[in-house]
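Reader: Please show me the sequence and the model. I will then ask about single residues and about how the helices pack.

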Amino acid sequence: MSYEKLDVYNIAFELFIETHQLSLQLPKYELYELGSQLRRSADSVVTNIVEGYGRKIYKGDFIKFLTYSQASCDETVCHLSKITRLYPQINSGFKEKSEQYKLLGGKINNFIKYVQLNWRT
């Protein structure tokens with residue numbers, strides 16, 4: 001099996017693409033500040049799932065990277081919340097992404113629990 005078969009990976013990847021494109025709507029002076037932080041944290045969500053899966057024969061490493069992914073998901077929600085407060089004129093897309101990342105965070109959490117209970121190394 002490949003990481004590409006994981007629901008959490010596919011959701012995280014699509015959200016990253018959408019978030020990256022959405023971040024380009026920020027004012028020019030935010031593209032390299034808050035916009036960059038948002039893009040990097042969104043990328044980290046998906047990248048840590050992939051890196052963890054690459055170490056899946058070591059259950060502890062797999063869980064560690066999934067935990068990093070969850071933390072990056074929380075960070076992404078935080079950045080999206082800042083944007084919705086700072087830029088209410090463009091916040092509808094960012095608010096929707098925030099809700100989607102919150103749902104993803106729950107899915108990652110459930111996957112971590114699954115790995116903890118069921119993963120064999």
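**Residues and helix packing**

Reader: In which helix is the place of Q70?
Author: Q70 falls within residues 59–86, which form one helix. Helices here are DSSP runs of H or I with at least four residues (strands are runs of E with at least two), numbered from the N terminus. On that numbering, the helix that holds Q70 is α4.

Reader: What kind of model is this?
Author: Residues are numbered from 1 along each chain as its sequence is written, and side-chain values use heavy atoms, with hydrogens and water left out. Local features need pLDDT of at least 70, side-chain atom pairs count only at pLDDT 80 or more, totals for chains, interfaces and linings use all residues, and the model is predicted.

Reader: Is Q70 buried or exposed?
Author: Buried means under 20% relative accessible area, exposed over 50%, and partly exposed in between (1.4 Å probe, protein chains only). The relative accessibility of Q70 is 17%, so Q70 counts as buried.

Reader: Which residues is Q70 in contact with, leaving aside its neighbours within four places in sequence?
Author: Contact means heavy atoms within 4.5 Å. One partner is G105, 35 residues from Q70 in sequence and 5.8 Å from it in space, C-alpha to C-alpha. With sequence neighbours within four places left aside, the contacts of Q70 are G105, I108, N109 and I112.

Reader: What does S69 touch, not counting residues up to four places away in sequence?
Author: S69 also lies in helix α4. Its relative accessible area is 0%, and S69 is therefore buried. Beyond four places in sequence, S69 touches V45, N48, I49 and I108.

Reader: What does N48 touch, not counting residues up to four places away in sequence?
Author: N48 has its place in helix α3, residues 34–54. N48 counts as buried because its relative accessibility is 11%. Residues up to four places away are not counted, and N48 touches F65, Y68, S69 and S72.

Reader: How do α3 and α4 run relative to each other, parallel or antiparallel?
Author: Axes are lines fitted to C-alpha atoms, for helices over the stretch in contact, and angles run from 0 to 180 degrees between N-to-C directions. Angles under 35 degrees count as roughly parallel, over 145 as roughly antiparallel, 65 to 115 as roughly perpendicular and the rest as oblique. The axes of α3 and α4 are 8 Å apart, and the helices pack at about 160°. That angle makes α3 and α4 roughly antiparallel.

Reader: How many nonpolar, polar and charged residues make the contact of α3 with α4?
Author: Ala, Val, Leu, Ile, Met, Phe, Trp, Tyr, Cys and Pro count as nonpolar, Asp, Glu, Lys and Arg as charged, and the others, Gly among them, as polar. By these classes the contact of α3 with α4 has 14 nonpolar, nine polar and three charged.

Reader: In α3, which residues does L38 touch, not counting those up to four places away in sequence?
Author: L38 lies in helix α3 and counts as buried because its relative accessibility is 0%. H79 is 41 residues from L38 in sequence, yet the two are 5.8 Å apart, C-alpha to C-alpha. Beyond four places in sequence, L38 touches T19, S23, T76, H79, L80, I83 and F94.

Reader: Is R39 buried or exposed?
Author: R39 lies in helix α3. Leaving aside neighbours within four places, R39 is in contact with F16, H20, S23, L24 and L31. At 16% relative accessible area, R39 is buried.

Reader: Which helices do the buried residues of α5 pack against?
Author: Helix α5 covers residues 91–118 and reaches 40 Å from its first C-alpha to its last, close to the expected 40 Å, the expected span being 1.5 Å times one less than the number of residues. Its buried residues include F94, Y101, G105 and I108. The buried residues of α5 pack against α1 (7–23), α3 and α4.

Reader: How does α4 pass α5, in a left-handed or a right-handed crossing?
Author: The axes of α4 and α5 come within 9 Å and cross at roughly 165°, which means that α4 is roughly antiparallel to α5. A crossing is left-handed if the near helix is turned anticlockwise from the far one by less than a right angle, and right-handed if clockwise. The crossing of α4 with α5 is left-handed.
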